[in-house]
Amino acid sequence: MSIKITFPDGAVKEFNSGISALDIAGQLSNSLAKKVLGAEINGEVWDATRPITTDATVKLLTWNDENGKSTFWHSSAHLMAEAIESLYSGVKFGIGPPIEHGFYYDMALPHAISEDDFPRIEAEMGKIIAAAEPFERFVIDRKEAVELVSGMSQKLKTEHIQTGLAEHPTVSFYRQGEFVDLCRGPHIPDAKRVKAFKLLSVAGAYWKGDASNQQLQRLYGTAWFSQKDLDNYLEQMNEAKRRD
């Protein structure tokens, strides 16, 4: 069965049902496909690898789009979390959203992370990126989701499913390599699209921003689509500090 895809310029093309935005980009241009970070499907931001099964308007998202950057930074938070889980035992993850020019992840961890740990974490992130691990989305019902995160001893995630997501009959997760995380998404197609990154700082935070809840460590980082962009951003940060 074929579906009609409408592009931002108004052009309409037919594709086989189940095609992804990334596959559409590949059919248009191999160089374009390498730049795709996500897609807007009927105005909603999706993973570029998610199948499209009905007629839709499609906008391919790259680094030049704000939603492309947001998807990129959120995925970078997951890469950092995967690296931390592989290096430190007993970590319990909170949330890891994109923010302006980067990302953070809140976590409970017996080890107090300091800037001395940054090179080790960055090296592990580099290994994940070199392996080009794909981001794979899967959806399960809430009961199964609770069992999954409980089995991983992720008590903060368990609480969030039981309370914050109490009205949702199904819950989405993402897997990259052996790392699995509760997440709405979307994410970039694979880790190798993160070309340059740097951890910036660590601070304290409370679970869900409530001072009566558990105190967590919040690790901040930034990531860019090229080393030049990262270098320029870091120089801007250093210049701002000098002016202050």
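A residue is taken as buried when its relative accessible area is under 20%. In this predicted model, F7 has a relative accessible area of 13% and is therefore buried. F15, at 5% relative accessibility, falls into the buried class as well.

Aromatic contacts offer a natural next stop. The model contains 12 aromatic pairs. One of them joins F7 and F15 in an edge-to-face arrangement, with 6.5 Å from centre to centre and 75 degrees between the planes. Another pair brings together F93 and Y105, whose ring centres are 5.2 Å apart. Planes over 60 degrees apart count as edge-to-face, so the 65 degrees between the planes of F93 and Y105 makes this pair edge-to-face. The two partners come from distant parts of the chain, 12 residues apart: F93 belongs to strand β8 (residues 92–93), while Y105 lies in strand β10 (residues 102–108). Both rings belong to buried residues, since the relative accessibility is 2% for F93 and the relative accessible area is 1% for Y105.

Beyond these pairs, a single aromatic cluster is formed by W63, F72, W73, W224, F225 and Y233. One member of this cluster, W63, also has a charged neighbour: the charged end of K69 is placed over the W63 ring, 5.1 Å from the ring centre. A charge over a ring is found at Y88 too, where the charged end of R120 sits 5.3 Å from the centre of the tyrosine ring.

Technical notes. Residues are numbered from 1 along each chain as its sequence is written. This is a predicted model: local features need pLDDT of at least 70, side-chain atom pairs count only at pLDDT 80 or more; totals for chains, interfaces and linings use all residues. Side-chain values use heavy atoms; hydrogens and water are left out. Rings of Phe, Tyr and Trp (its six-membered ring) pair if their centres lie within 6.5 Å; planes under 30 degrees apart count as stacked, over 60 as edge-to-face and the rest as tilted. Buried means under 20% relative accessible area, exposed over 50%, partly exposed in between (1.4 Å probe, protein chains only). Helices (H or I, at least four residues) and strands (E, at least two) are DSSP runs, numbered from the N terminus. A charge sits over a ring if NZ of Lys or CZ of Arg is within 6 Å of the ring centre and within 35 degrees of the ring normal.
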